[in-house]
Amino acid sequence: MTSVLAVIPARGGSKGVPRKNLQNICGKPLIAYSIEAAKGVSRLTDIIVSTEDEEIAQVAVDHGADVPFMRPAELAEDLTPTFPVIMHALEQMEAARAAEYDAVLLLQPTCPLRTAAHIDTAIDMLLSENCDSVVSVLEVSNTHPFRMKRLVGNRLINYIDQGFEDMRPRQVLPKVYLRNGAIYLNRRQSLIDTQALVGDHCLGMVMDEEESVNIDGRLDLILAESMMQDRQG
């Protein structure tokens with residue numbers, strides 16, 4: 001694998017936290033942390049930000065990313081899935097360089113505690129096995145699916161019916177993992193074939209809970225800043 005395109009998607013709109021990708025965390029805009037992590041990885045061929053927002057584009061350039069095109073408005077709506085955004089970026093970049101990439105790396109800017117070391121590990125995993133993709137995950141603890149419920153009317157029902165109420169300590173429950181949003185690394189052909197960000201043969205790269213903060217609301221911002229302060233000493 002000789003060429004990897006890193007794409008950081010960062011639209012201007014955000015319902016939970018207005019202008020989320022530009023929120024200040026420990027003196028830097030949120031998007032800067034993903035750019036810096038990517039720039040610490042020598043095996044990334046290109047690092048680009050896909051945005052429709054002029055201010056985000058300028059901040060991205062100021063922190064060392066490329067913004068070779070502006071994302072069309074129809075790919076920056078509230079309900080726009082991530083996959084077509086990544087494919088648009090891939091098509092734009094391959095047309096510009098007149099060559100294909102071997103792999104595409106999605107770095108969501110809402111995961112500021114992901115590091116260059118995590119990205120390097122994901123690339124190593126993709127190279128070491130004949131897999132389609134590598135996706136970062138964290139181990140689920142208090143939100144284990146055996147403890148989850150659903151409501152039928154106002155009646156509480158086990159989401160997974162084992163035939164009994166599972167009150168076992170979490171330490172004895174089977175390990176379960178959740179995608180944490182930090183890393184989606186795919187071989188180019190897998191993206192084309194599956195039209196998805198998780199390939200048929202996907203490896204899970206486990207990250208610690210402290211590294212897996214994914215900013216969706218205000219509480220996540222507070223947690224991320226606290227964790228960043230601890231990291232910086």
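**View A. Strands E6 and E9 side by side.** In this predicted model, E6 and E9 run antiparallel and share 6 bridges. To find your way in, start at Ser-133, whose bridge partner in E9 is Asn-186. On the E10 side the sense changes: E6 and E10 are parallel, joined by 5 bridges. Here Ser-136 is the residue to pick, as it stands opposite Met-205 in E10. E6 itself covers residues 133-139 and is mostly tucked away, with 6 of its 7 residues buried.

**View B. The whole sheet, strand by strand.** Zooming out from E6, we get an open sheet of 6 strands in the order E4-E1-E5-E9-E6-E10, and the pairing is mixed. Which strands sit at the edges? They are E4 and E10, each of which pairs on one side only. From one strand to the next, the twist averages 25°. At the E4 end, E1 and E4 are parallel and share 5 bridges. Leu-5 is a handy marker there, with Asp-46 as its bridge partner in E4. A reminder for reading the side chains: in a regular strand they alternate between the two faces of the sheet.

**View C. Helix H4 over the strands.** H4 lies across E5, E6, E9 and E10. Relative to E9, the helix runs at about 60°.

**View D. The largest nonpolar core.** This core has 34 residues, and the ones touching the most other members are Leu-44, Val-49, Leu-105, Ile-183 and Leu-185. Quite a few elements chip in with two or more residues, including helices H1 (30-39), H2 (54-62) and H4 (116-128). Among the strands that do so are E1 (4-9), E4 (46-50) and E9 (177-187). Which element gives the largest share? That would be H4, with 5 residues. Apart from this core lies another one, of 17 residues, with Val-7, Phe-69, Phe-83 and Met-93 among them.

**View E. Val-49 and its company.** Skip the neighbours within four places in sequence and Val-49 still has a full list of contacts: Ile-8, Ala-10, Ile-31, Ile-35, Ile-56, Ala-60, Ala-65, Asp-66 and Val-67. Two of these, Ile-56 and Ala-60, are also buried residues of H2, the helix in the next view.

**View F. Helix H2, inside and outside.** Ile-56, Ala-57, Val-59 and Ala-60 are the buried residues to look at in H2. Why do they count as being on the same side of H2? Because they cover an arc of only 165° around the axis. The general rule helps here: an α-helix has 3.6 residues a turn, so residues three or four places apart point the same way. The buried residues pack against strand E3 (28-29), H1 and E4. Turn to the face away from the buried side and you meet the exposed residues Glu-54 and Asp-62.

**View G. Asn-21 in its loop.** Asn-21 belongs to the loop between E1 and E2. Is Asn-21 buried or exposed? With a relative accessible area of 7%, this residue is buried, because the cut-off for that is under 20%. Not counting residues up to four places away in sequence, Asn-21 touches Ala-10, Arg-11, Pro-29, Leu-30, Ile-31, Ile-56 and Pro-109.

**View H. Ile-25 in strand E2.** E2 takes in residues 24-25, and Ile-25 is part of it. Ile-25 is buried too, at a relative accessible area of 1%. Beyond the neighbours within four places in sequence, Ile-25 is in contact with Leu-30, Tyr-33, Ile-215, Leu-221, Ala-224, Glu-225 and Met-228. For a sense of scale, try Asp-132: 107 residues apart along the chain, the C-alpha atoms of Ile-25 and Asp-132 are separated by 34 Å.

**View I. Cysteines without a bond.** How many disulfides does the structure hold? The count is 0. Take Cys-111: the closest cysteine sulfur, in Cys-202, is 15 Å from its own sulfur, so that is too far for a bond. Cys-131 has its closest cysteine sulfur in Cys-202 as well, at 7.5 Å, and this too is too far for a bond. The cut-off behind both verdicts is that a disulfide needs sulfur atoms within 2.5 Å. As for burial, Cys-111 counts as buried at 1% relative accessibility, and Cys-131 is likewise buried, at 1%.

Definitions and conventions. Residues are numbered from 1 along each chain as its sequence is written. This is a predicted model: local features need pLDDT of at least 70, side-chain atom pairs count only at pLDDT 80 or more; totals for chains, interfaces and linings use all residues. Side-chain values use heavy atoms; hydrogens and water are left out. A nonpolar core is a set of buried Ala, Val, Leu, Ile, Met, Phe, Trp, Tyr and Cys residues joined through side-chain atoms within 4.5 Å. Buried means under 20% relative accessible area, exposed over 50%, partly exposed in between (1.4 Å probe, protein chains only). Helices (H or I, at least four residues) and strands (E, at least two) are DSSP runs, numbered from the N terminus. Contact means heavy atoms within 4.5 Å. Two strands pair if DSSP finds at least two bridges between them. Axes are lines fitted to C-alpha atoms, for helices over the stretch in contact, and angles run from 0 to 180 degrees between N-to-C directions. The arc is that of the directions from the helix axis to the C-beta atoms.
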